[in-house]
Amino acid sequence: MSKLVVVGQGYVGLPMAIRAAEAGFEVVGVDVHGRTVDDLNNGQSHIDDVSDAELKRALSTGYRASVDPSSISEADVVVVCVPTPLSGDGGPDLKAVVASAETIGSFLSAGTLCVLESTTYPGTTEEVFEPLVNRGRYTVGEDLFIAFSPERIDPGNKKYGVRNTPKVVGGMTQACTNRARDFYAQFVDTVVPAAGCKEAEMAKLLENTFRHVNIALVNEMVRFCNELDIDLWNAIDCAESKPFGFMAFRPGPGVGGHCIPIDPSYLSHRVKAKLGYAFRMVELAEEINHAAPDYVASRARDFLNDAGLAVNGASVLLVGVSYKPNISDRRESPADPLALRLASWGAKISYHDPLVPEWSPSGGIGSLQSVADVSEVAASSDLTIVLQEHASIDFESLAESAKRILDTKAALPRAGHIARL
Ligand SMILES: NC(=O)c1ccc[n+]([C@@H]2O[C@H](COP(=O)([O-])OP(=O)(O)OC[C@H]3O[C@@H](n4cnc5c(N)ncnc54)[C@H](O)[C@@H]3O)[C@@H](O)[C@H]2O)c1
């Protein structure tokens, strides 16, 4: 049985480790967070995409979690899925990647395939990861195999998971690419070889920059469409009927999560640092998407004003505070800056999110608890703002009972008391 170590057991590393265990690998999921490791070994998953039942099944076949990385010395393959948050200067904070690479370097044995999956700027695998892993001991492509494979997981997506999402792999040499391809092909249907590590790293940043820029496009258009009384959602539906050359993106309260608001910055930071000029598309998209929550706040203010109400003292109910539908992840959620802006104007904030029982937006709002009966609270709130379309929310009953709704996701049909963004 092939031995796999997955370093980092979060949103990316845990599903990958579980799918590999299902495919017959003996897997150790290494994580520095002792509590996470204990919970995993007790069959408690902290990730929406891995159920407790799946985890327990994997524990009884080939998976275990550990804080001890020494199993790397016997591994055939080591995959790194640790966080790469934004650092103070706008590039990726590579501390966890560096720490993982140093740890692998301490236990590495000849012949191992080491794959970096953490999102980062092109050049990281060859310039940062490989030297720390290798320490000059092995010849890459002969007795050590190094590759980058971008993670494309879409948390909460029921249609595309680890198996049926094609996986790009780019190695430092052709032999490295081949090794990585053969590894992933055991539990992923389609593996796409890249020309090298940098191309695989760039593919990920291109995908997320594409999304970021196109979301910014509609988030900018929604402002003037509102003023020109044009239904942008309907225009997008119409445009989507074109079977080629168009992909629909829809407006919303802003971008969130660990990828879209952050990854394109790695690229613009790298371009600026290496070449001295700006990646203007990304900078513009950042400006527009970053301003989206403030735009929602100004529309809420106008909506209340039209009803003769001030934001100051108004009760505002936010519906859905995670960054995307049907998941509990709140990282970089636009709900936070929106709540802070409204609270700074004197609004009294409450929220409903069936997936987020407690929420503490920073900035003096304090800790909030999700209200149990969304329709009842909407009936007594001056304004309800729909931010996410979780499938478990009864929008029909919400529309019936709410005094007024600002709908940022086109979750509800338009009505006198329901305004779209
Ligand atoms: N979450 C997503 O949807 C997503 C999608 C595509 C790519 N990515 C990328 O994948 C990478 C991982 O993201 P994530 O969402 O899984 O992060 P996460 O925060 O959910 O999980 C990371 C895990 O790594 C552990 N960790 C940190 N440093 C470690 C170390 N030195 N050794 C061992 N474990 C360590 C943490 O304790 C945590 O459990 C990031 O680069 C991210 O940008 C994430």
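Visitor: Which residues are the closest of those that surround the ligand?

Guide: Those are Gly8, Gly10, Tyr11, Val12 and Ser118, out of 26 residues that surround the ligand in this predicted model. A residue gets onto that list because its C-beta atom lies within 6 Å of the molecule.

Visitor: And which helix gives the largest share of that shell around the ligand?

Guide: That's α4, residues 95–107, with three residues in the shell. By class, the shell splits into 13 nonpolar, 11 polar and two charged residues. Watch the glycines when you read that split: Gly counts as polar here, so Gly8 and Gly10 go with the polar group.

Visitor: What does α4 lie across?

Guide: Helix α4 crosses β1 (3–7), β4 (77–80) and β5 (113–116), and its direction makes about 165 degrees with that of β4. Angles run from 0 to 180 degrees between N-to-C directions, so a value of about 165 degrees puts α4 and β4 close to antiparallel. Those strands sit in an open sheet of eight, ordered β3-β2-β1-β4-β5-β6-β7-β8, with mixed pairing.

Visitor: What makes β3 and β8 the edge strands?

Guide: Each of the two, β3 (63–66) and β8 (191–193), pairs on one side only. From one strand to the next, the twist of this sheet averages 25 degrees.

Visitor: How do you know that β2 and β3 pair?

Guide: Count the bridges: four of them join β2 (residues 26–30) to β3, and the two run parallel. The cut-off for pairing is at least two bridges, so four is enough. For a concrete example, Val28 has Arg64 in β3 as its bridge partner. Elsewhere on the sheet, α7 packs against β6 (145–148) and β7 (167–171), its direction making about 150 degrees with that of β7.

Visitor: What is the order of the strands in the sheet of five?

Guide: It goes β10-β9-β13-β14-β15, an open sheet with parallel pairing. At its edges stand β10 (348–352) and β15 (418–420), which have a single partner strand each, so one side of each lacks a neighbour in the sheet. The average twist here is 20 degrees from one strand to the next.

Visitor: How do you know that β14 and β15 pair?

Guide: Three bridges link β14 and β15 in the parallel sense. With a minimum of two bridges, three qualifies, so the two strands count as paired. Ile405 stands opposite Ile418 of β15. Helix α10 (residues 280–306) lies across β9, β13 (383–386), β14 and β15, at about 150 degrees to β13.

Visitor: Why does Lys403 count as partly exposed?

Guide: Lys403 has 16 C-beta neighbours inside 10 Å. Buried starts at 20 and exposed ends at 12, so 16 falls in between, and Lys403 is partly exposed. You'll find Lys403 in the loop between α13 (395–401) and β14 (405–407). Leaving out residues up to four places away in sequence, Lys403 touches Ala379, Ser381, Asp382 and His417. Ser380 is 23 residues from Lys403 in sequence, with 7.2 Å from C-alpha to C-alpha.

Visitor: Asp229 or Asn326: what makes each of them exposed or partly exposed?

Guide: Asp229 has 6 C-beta neighbours inside 10 Å, and since exposed means 12 or fewer, Asp229 is exposed. Asn326 has 18, which is over 12 but under 20, so Asn326 is partly exposed. Asp229 lies in the loop between α7 (197–227) and α8 (232–239), whereas Asn326 is in the loop between β9 (315–319) and α11 (335–344).

Visitor: What is the phi of Asp229, and of Asn326?

Guide: Asp229 has a positive phi of about 60 degrees without being a glycine. Asn326, not a glycine either, has a positive phi of about 65 degrees.

Visitor: How is the protein divided into domains?

Guide: Domain 1 takes 3–195 and domain 2 takes 263–420. Their centres, taken over C-alpha atoms, are 34 Å apart. The contact takes 11 residues from domain 1 and 12 residues from domain 2. On the domain 1 side, the touching residues are five nonpolar, five polar and one charged.

Conventions. Residues are numbered from 1 along each chain as its sequence is written. This is a predicted model: local features need pLDDT of at least 70, side-chain atom pairs count only at pLDDT 80 or more; totals for chains, interfaces and linings use all residues. Two residues are in contact if their C-beta atoms, placed from the backbone, lie within 7 Å. Domain bounds come from an automatic or database domain assignment.
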